[in-house]
Amino acid sequence: MVQYQRLIIHHGRKDERFRVSAEEGGGLKRAKQKFLSLLFLSILSCCFILSPYLFGFSTLSFIDSFGRESESLTSYEPLTAPLCSDVSNGTICCDRTGLRSDICVMKGDVRTNSASSSLFLFTSSTKNNTKHEKIKPYTRKWETSVMDTVQELNLIITKDSNKSSSDPVCDVHHDVPAVFFSTGGYTGNVYHEFNDGIIPLFITSQRFNKKVVFVIVEYHDWWEMKYGDIVKQLSDYPLVDFNGDSRTHCFKEATVGLRIHDELTVNSTLMVNGNQTIVDFRNVLDRAYSPRIQSLIQEANETTTTVDVKKPKLVIMSRNGSSRAILNENLLVKLAEQTGFIVEVLRPDKRTEMAKIYRSMNTSDVMIGVHGAAMTHFLFLRPKTVFIQIVPLGTDWAAETYYGEPAKKLGLKYVGYKIKPEESSLYDEYGRDDPVIRDPDSLNDKGWEYTKKVYLQGQNVKLDLRRFRETLTRSYDFSIRRRFREEVPRLVAT
């Protein structure tokens, strides 16, 4: 279950209500505001024109700096080089400025000791270094309830002169750095697996260019089986199970914890080496799953007939379980087929091979699904394809924040289909005048448990297919036009 947490104030509904109330002022007040706005813009324009001469800096650089400042409002790391990106030998540097995660970097003679949940840094330096740091290498540090379940690591500096026979002796020497992270917490939910783990791992490890060892705290066999193909694109070395491997592993450098930027995204301005974006992460997924997909295609050619590739393909991500299901899904399939789509209904579970899901999504033109963790699979869509997220009552903010905005950053054509009260199963249960139907914000304001119980666990959707037909038609037309634009250059080239 995605945990709804609002980390920055401009995401909150109170700010939205303030903007609405400001727009509902009287005519005279509005006229005064318009005049003052025009006056301010005139003065500001003059400042832009004269600024190079008056203040000695270029207008473009000023505008650029404003854009970066605005971008930082939705980020959780500084725009400059992150703290601890340059660490001197024999020291531990911890960056605890991020709202989402802590990062510690150890450089020198680093040795693991899983029995005591410790990393030792042996040094001959006489500097007054910090002797002991503690860190939980998971990316939801603001959420106390889950962080209480994450294993804590001790980072200890020890002088070489104080070595004793009880100190860990190297069993395995590594000539590349290490990145330590936890697969505990909410791991087991596909949204959290990508948002809290896989994407931050990409962000943190890119600067090593695959010359890095990943050491996993709270390791799970199934996690490596599920995401091993991706991990191999980020590291040339086998994973190390921190708790399961009692040997002392020795590194010259270790990063403990992962950097995270925002929901399901990569902020290029915060990358240490390079300007990678979420599109680059998706390219990693392409390389990871391509070999397995080729074998799946060969298997399919032996057992299935050829489909009509001229028609755009629509995938419905069907929810398993008793909540947020599309109650008239069969009718939706028929409507989509009548519109002109080839339709595939996906019902993935924890045992479904990721490469199979990736193949289905990667070859689709449109994806439809009800808000929930499975919407994370929009990452498998090709840029410029259509992602339709059905937004149940009470989930507007979460749907946009967790999936809508990230989908746009990936270059998808995002459509948020906000259902009407009559399309929710809650309408029959509570009646149109109940606050649950009439004012979902009032219930959400009571806290996560209310949102979870009523809107996430207690709600299904019955689409108004006459209303939804327009969304399907527009998506079909968009897909046909996109295909045409992609085909023309190919025909010209041949």
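These legends accompany several close-up views of a predicted model.

**View 1. Helix H14 and its buried face.**
Welcome to helix H14, which spans residues 448-456. Its buried residues are Trp 448, Thr 451, Val 454, Tyr 455 and Leu 456. Looking down the axis of H14, you will find these buried residues within an arc of 155°, so they line one face of the helix. Their packing partners are helix H11 (425-430), helix H12 (435-438) and helix H13 (440-444). Glu 449 and Lys 453 are exposed, and they sit on the face of H14 turned away from the buried side. Tyr 450 has a partner of another kind: the charged end of Lys 446 sits over its ring, 5.5 Å from the ring centre.

**View 2. Strand S10 and the strands that pair with it.**
Strand S10 covers residues 249-256, and seven of its eight residues are buried, so the strand is largely enclosed by the rest of the structure. Strand S2 (residues 103-113) pairs with S10 in the antiparallel sense, over six bridges. Strand S6 (residues 172-173) pairs with S10 in the parallel sense, over two bridges. Strand S7 (residues 178-182) also runs parallel to S10, joined to it by three bridges. Cys 250 of S10 is a good place to pause: it is the bridge partner of Arg 111 and also the bridge partner of His 173. Elsewhere in S10, Thr 255 is the bridge partner of Val 179.

**View 3. The disulfide of Cys 170 and Cys 250.**
Stay with Cys 250 a moment longer, as a disulfide joins Cys 170 to this residue, with an S to S distance of 1.9 Å. The link is left-handed, with -100° about the S-S bond. Cys 170 lies in the loop between strand S5 (153-159) and S6, while Cys 250 belongs to strand S10, so the pair ties together parts that are 80 residues apart in sequence. Both Cys 170 and Cys 250 are buried.

**View 4. The disulfides of Cys 84 with Cys 93 and of Cys 94 with Cys 104.**
The model has three disulfides by count, and two of them are shown here. In the disulfide of Cys 84 and Cys 93, the sulfur atoms are 2.0 Å apart, and a value of -75° about the S-S bond makes the link left-handed. Cys 84 counts as buried because its relative accessibility is 8%, whereas Cys 93, at 24%, counts as partly exposed. Cys 94 and Cys 104 form a disulfide as well, with their sulfur atoms 2.0 Å apart. Here the torsion about the S-S bond is about 110°, so this disulfide is right-handed. Cys 94 is in strand S1 (residues 91-95) and Cys 104 is in strand S2, 10 residues apart. Cys 104 is buried, with a relative accessible area of 0%. With the bonded cysteines of the chain numbered in sequence order, the pairing reads 1-2, 3-4, 5-6.

**View 5. Aromatic pairs.**
The count of aromatic pairs comes to 20. One of them is the edge-to-face pair of Tyr 191 and Tyr 402, at 5.6 Å centre to centre and with 85° between the planes. Tyr 191 lies in helix H5 (residues 190-205) and Tyr 402 in helix H10 (residues 396-409), so the pair ties together parts that are 211 residues apart in sequence. Both Tyr 191 and Tyr 402 are buried. Ring pairs also link a cluster to explore: Phe 181, Phe 194, Phe 202, Phe 214, Trp 223, Tyr 227, Phe 281, Tyr 289, Tyr 358 and Phe 380.

Conventions
Residues are numbered from 1 along each chain as its sequence is written. This is a predicted model: local features need pLDDT of at least 70, side-chain atom pairs count only at pLDDT 80 or more; totals for chains, interfaces and linings use all residues. Side-chain values use heavy atoms; hydrogens and water are left out. Buried means under 20% relative accessible area, exposed over 50%, partly exposed in between (1.4 Å probe, protein chains only). Helices (H or I, at least four residues) and strands (E, at least two) are DSSP runs, numbered from the N terminus. The arc is that of the directions from the helix axis to the C-beta atoms. Contact means heavy atoms within 4.5 Å. Two strands pair if DSSP finds at least two bridges between them. Rings of Phe, Tyr and Trp (its six-membered ring) pair if their centres lie within 6.5 Å; planes under 30 degrees apart count as stacked, over 60 as edge-to-face and the rest as tilted. A charge sits over a ring if NZ of Lys or CZ of Arg is within 6 Å of the ring centre and within 35 degrees of the ring normal. A disulfide is a pair of cysteine sulfur atoms within 2.5 Å.
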